[in-house]
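Open the structure in your viewer and get ready to select residues. Where should you click, and what is there?

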Amino acid sequence: MAIKDLPREEYVLEGNASCPGCPITIALRIVLKALGKNTILTIPASCSAVIQSLYPKTSFNVPTLNVAFETAAASASGIAASLQAQGKEDITVVAWAGDGGSYDIGLQALSGALERGTNFLYICYNNQMYSNTGIQRSGATPYGAWTTTTWTGKKERQKVLAEIVMAHHIPYVATASIAYPEDLYRKTKKAQGIRGPKYMEIIAPCPPGWRFDMSKTVELARLSVETGAWLLYEFENERLTFTGPTRAILEGDKEPASVEDWLRMQGRFRDLTTQDLETFKQVLQERWDHYRKLASL
Ligand SMILES: Cc1ncc(C[n+]2csc(CCOP(=O)(O)OP(=O)(O)O)c2C)c(N)n1
Ligand code: SF4
Ligand SMILES: [Mg+2]
């Protein structure tokens with residue numbers, strides 16, 4: 001499907017409180033076009049909760065709950081149970097949470113809901129920090145990145161939440177990027193059609209947090225994939241397959257774009273030393289090798 005063929009309905013309304021160039025509204029716009037109006041969102045504390053706005057106003061044109069930081073998956077479980085009790089089968093329950101609310105504070109609730117087999121779609125938009133409270137480090141912040149709590153660059157490696165999720169043996173896990181809207185749309189539609197727990201994660205470059213110009217959000221998101229810093233894949237029935245440019249890069253048919261150039265576009269990596277850069281690249285290589293093994297390439 002081409003972008004021009006995406007449904008015309010808009011579920012992210014105009015005049016919302018997002019920053020210019022915000023990746024969240026781009027991602028949610030595409031996701032809700034795929035899911036349609038029979039969708040209930042549950043959103044924990046995050047930039048998305050601010051964009052959603054204060055009751056009784058809302059900028060999302062579907063029923064939306066604003067819930068406590070650690071409760072995205074727990075509240076989705078409650079909604080799913082209630083719908084099941086009422087025999088309502090045609091409503092998609094979506095937990096829409098940031099990386100802080102998913103990798104760190106909501107992880108226990110997420111794991112519980114996955115293990116119980118809750119029929120819902122969990123989507124983590126990953127801007128690699130706690131952006132709503134002023135750019136603090138999260139478990140998803142990459143090695144070397146500046147945040148207000150890692151002044152000299154983060155010294156630890158990212159955790160990989162999607163792999164923790166895969167260990168729950170759920171029917172569908174996928175990663176996406178807002179720079180590939182057709183791919184994001186297709187994966188969201190596919191997830192909607194599967195019963196049980198589904199997990200998706202979308203890379204979401206944030207202009208104030210990553211320190212780049214607001215006109216470059218989609219370019220940064222595209223380069224995340226073309227450099228191999230963010231991998232696009234689907235994990236279905238215990239099988240991992242790469243999608244988009246990731247396939248060609250990991251199968252050796254395409255040279256990745258320069259990761260140095262991509263890092264230089266982001267002020268958060270301004271103080272990377274030569275040694276840091278080497279470590280960053282080494283971590284990437286290790287990740288690629290690991291995923292090649294997972295996909296049995
Ligand atoms: C229990 C609790 N701790 C801290 C906060 C403050 N808080 C609100 S939003 C937020 C950051 C959320 O980060 P993330 O989940 O990554 O979403 P983003 O802001 O990046 O969209 C924090 C720390 C809170 N609301 N509740
Ligand atoms: S801080 Fe980043 S994620 Fe939050 S509203 Fe602004 S652009 Fe969007
Ligand atoms: Mg975040």
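Start by selecting Asp 99. Asp 99 is buried, because its relative accessibility is 0% and buried means under 20%. Keep in mind that this is a predicted model.

Next, select the magnesium ion, ligand 3. Which residues coordinate the magnesium ion? Asp 99 does so through OD, Asn 127 through OD1 and Met 129 through O, at 2.1 Å. Along the sequence, these donor residues follow the spacing D-x27-N-x1-M. Asp 99 and Met 129 link distant parts of the chain, 30 residues apart. Find Asp 99 in helix α4, residues 99-104. Then find Met 129 in the loop between β4 (120-126) and α6 (161-166). Is Met 129 buried or exposed? Met 129 has a relative accessible area of 3%, so Met 129 is buried.

Now move to ligand 2. Show the residues that surround ligand 2: Cys 19, Cys 22, Pro 23, Ile 24, Cys 47, Asn 127, Ser 131, Cys 206, Pro 207 and Pro 208. Asn 127 is in this list, and Asn 127 also coordinates the magnesium ion. Colour helices α1 (23-35) and α8 (207-210). Each supplies at least two residues of the shell around ligand 2. Then colour the shell by class. Eight of its residues are nonpolar, two are polar and none is charged.

Finish with the cysteines. Select Cys 22, which is buried at 11% relative accessibility. Select Cys 206, which is buried at 9%. Both belong to the shell around ligand 2. How many disulfides does the structure hold? The count is zero. A disulfide would be a covalent bond between the sulfur atoms of two cysteines.

Technical notes:
Residues numbered from 1 in each chain as written. Chains lettered and ligands numbered in written order. Predicted model: local features only at pLDDT ≥ 70, side-chain atom pairs only at ≥ 80, totals over all residues. Heavy atoms only, no water. Near = heavy atom within 4 Å. Helix = DSSP H or I, 4+ residues; strand = E, 2+ residues; numbered from the N terminus. Nonpolar A, V, L, I, M, F, W, Y, C, P; charged D, E, K, R; others polar. Donors = N, O, S within 2.8 Å, 3.2 Å for Na, K, Ca; no water. Buried < 20%, exposed > 50% of the residue type's maximum accessible area, 1.4 Å probe, protein only. Disulfide = S-S within 2.5 Å.
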